[in-house]
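Visitor: I am new to this structure and would like a close look at a single part. Could you take me to the place where the two domains meet, and then show me what lies around it?

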Amino acid sequence: MAESGAVYLLLPSPRSTLFPPLIKYLNLDIKISDRNDPEYKAAFPLNKAPAFKSKDGWKLHEAMAILQYIVSLKPESCKYKFYGNNEREKAKVWQWISFANSDCVSVVAGYFFHSTTEEEKKAAAVNVNKTASEFEDQLKQTKYLAGAECTLADIFCVNLFVWGLDKLFDKEFFAKHPSIHRWLRDVCDHDPILSPTLKGKDATK
Ligand SMILES: N[C@@H](CCC(=O)N[C@@H](CS)C(=O)NCC(=O)O)C(=O)O
C-alpha cells in the first residue's frame, strides 16, 4: 500500500462520492472520514469537503486536486486509463471534471437547496437542462465523455446524475436525454470502480 492518510468527505455530495470506491479499488491505506473527525476540525478551518491529510501531516483540499493526488498513488499493476489515451483526451477529462465540480454542482444545488417557489424551481430546472445538454451532446458523439473509453471524467461526473436520481433526473429527464441514460447505465453497471456499489441504479424502472 502506497501511503496512509485520511479523506474527509461530505456524503452524498458528488464532490465526495467517488472517493470511497476509488480508494477501495486502488487498495490504498486511506481512512474514509468526515467533518466531525477531530483531526479534520483541527486541520481544515475552511470546513469544506473533500479534504485529505496524510499521516505525516501534509494537507490538501479541493476535490480536483485530491482526485489527481489519489490517482497518482495507484499501484503499478493498475491498468485503468484514468486520463484516456493522449493529451487531448486528458485535457477533456479535466474539462468535464471541472465543469461538473463547479457549474454543474452549482446548478443542481440551486435546484435542490436554493429554490423554494414554483417559479424558482422552474427557473432552476431550465439551468439544469441547459447544463445537461452539454453532456447529451457529447455523449451523442462519443461513447464516454473524453472518447471511446471510460476515464476519470466518467466515474466522477456520473455521481452528479446519481445524486439527483429520481428527484431531478427521472424517467421524463432520461426520455429527453437518451445518451446520458445509456452512459449512466453503462458506467454504473460495468465500470470496475463504481459497479460494486452502483450496479442496477436507474430512475426509469
Ligand atoms: N472548491 C471546493 C468546494 C468544496 C465545497 O464547497 N464543498 C461543500 C460540499 S460539496 C461543502 O463542504 N459544504 C459544506 C459547507 O459549506 O458547510 C472543491 O472543489 O472541493
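Guide: Let us start right at the meeting place: in this predicted model, 12 residues of domain 1 are in contact with 15 residues of domain 2. On the domain 1 side, α1 (19–25) and α3 (63–72) each supply at least two of the touching residues. Helix α3 gives the largest share, with four residues. By class, the side of domain 1 that touches domain 2 has ten nonpolar residues, one polar and one charged. To place the two partners along the chain, the domain assignment puts domain 1 at 5–72 and domain 2 at 87–198. Their C-alpha centres are 22 Å apart.

Now step to the ligand. Around the ligand you will find L10, S13, R15, N47, K48, A49, P50, E62, A63 and N101. This shell is a mixture, with four nonpolar, three polar and three charged residues. Two of its members, A49 and P50, are worth a pause, as the peptide bond that joins them is cis, with omega about 5°. P50 belongs to the loop between α2 (38–43) and β3 (51–54). N47, also part of the shell, lies in the loop between α2 and β3 too. Its backbone has a feature to look for: phi of N47 is near 60°, a positive value in a residue other than glycine.

There is another cis peptide bond to find, and this one runs from L11 to P12, with omega near 10°. Look for P12 in the loop between β1 (5–9) and α1.

From here, let us follow the helices of domain 2, which the assignment places at 87–198. A simple way to read them helps: two packed helices are described by the angle between their axes and the distance between the axes.

Begin with helix α4 (residues 87–113) and helix α5 (residues 118–141). They pack at an angle of about 155°, and their axes are 8 Å apart. The two helices, α4 and α5, are therefore roughly antiparallel to each other. Their crossing is left-handed. If you zoom in on the contact, α4 brings D103, C104, V107, V108, G110 and Y111, while α5 brings K121, A124, A125, N127, V128 and T131. Sorted by class, the residues of this contact are seven nonpolar, three polar and two charged.

Helix α5 has a further partner to visit, helix α8 (residues 178–190). Here the packing angle is about 75°, with the axes 8 Å apart. That makes α5 roughly perpendicular to α8. From α5 come A132, F135, E136, L139 and K140, and they meet S179, I180 and W183 of α8. The contact of α5 with α8 holds five nonpolar residues, one polar and two charged.

Stay with α8 for the last stop, where helix α6 (residues 152–163) packs with α8 at an angle of about 115° and the axes are 10 Å apart. The crossing of α6 and α8 is left-handed. On the α6 side you can pick out D154, I155, V158 and F161, and on the α8 side I180, L184, V187 and C188. The classes in this contact are seven nonpolar, no polar and one charged. Notice I180 on your way out: in α8, I180 takes part in the contact with α5 and also in the contact with α6.

Terms used: Residues are numbered from 1 along each chain as its sequence is written. This is a predicted model: local features need pLDDT of at least 70, side-chain atom pairs count only at pLDDT 80 or more; totals for chains, interfaces and linings use all residues. Domain bounds come from an automatic or database domain assignment. Two residues are in contact if their C-beta atoms, placed from the backbone, lie within 7 Å. Ala, Val, Leu, Ile, Met, Phe, Trp, Tyr, Cys and Pro count as nonpolar, Asp, Glu, Lys and Arg as charged, and the others, Gly among them, as polar. A residue is near a molecule or strand if its C-beta atom, placed from the backbone, lies within 6 Å of it. Axes are lines fitted to C-alpha atoms, for helices over the stretch in contact, and angles run from 0 to 180 degrees between N-to-C directions. Angles under 35 degrees count as roughly parallel, over 145 as roughly antiparallel, 65 to 115 as roughly perpendicular and the rest as oblique. A crossing is left-handed if the near helix is turned anticlockwise from the far one by less than a right angle, and right-handed if clockwise.
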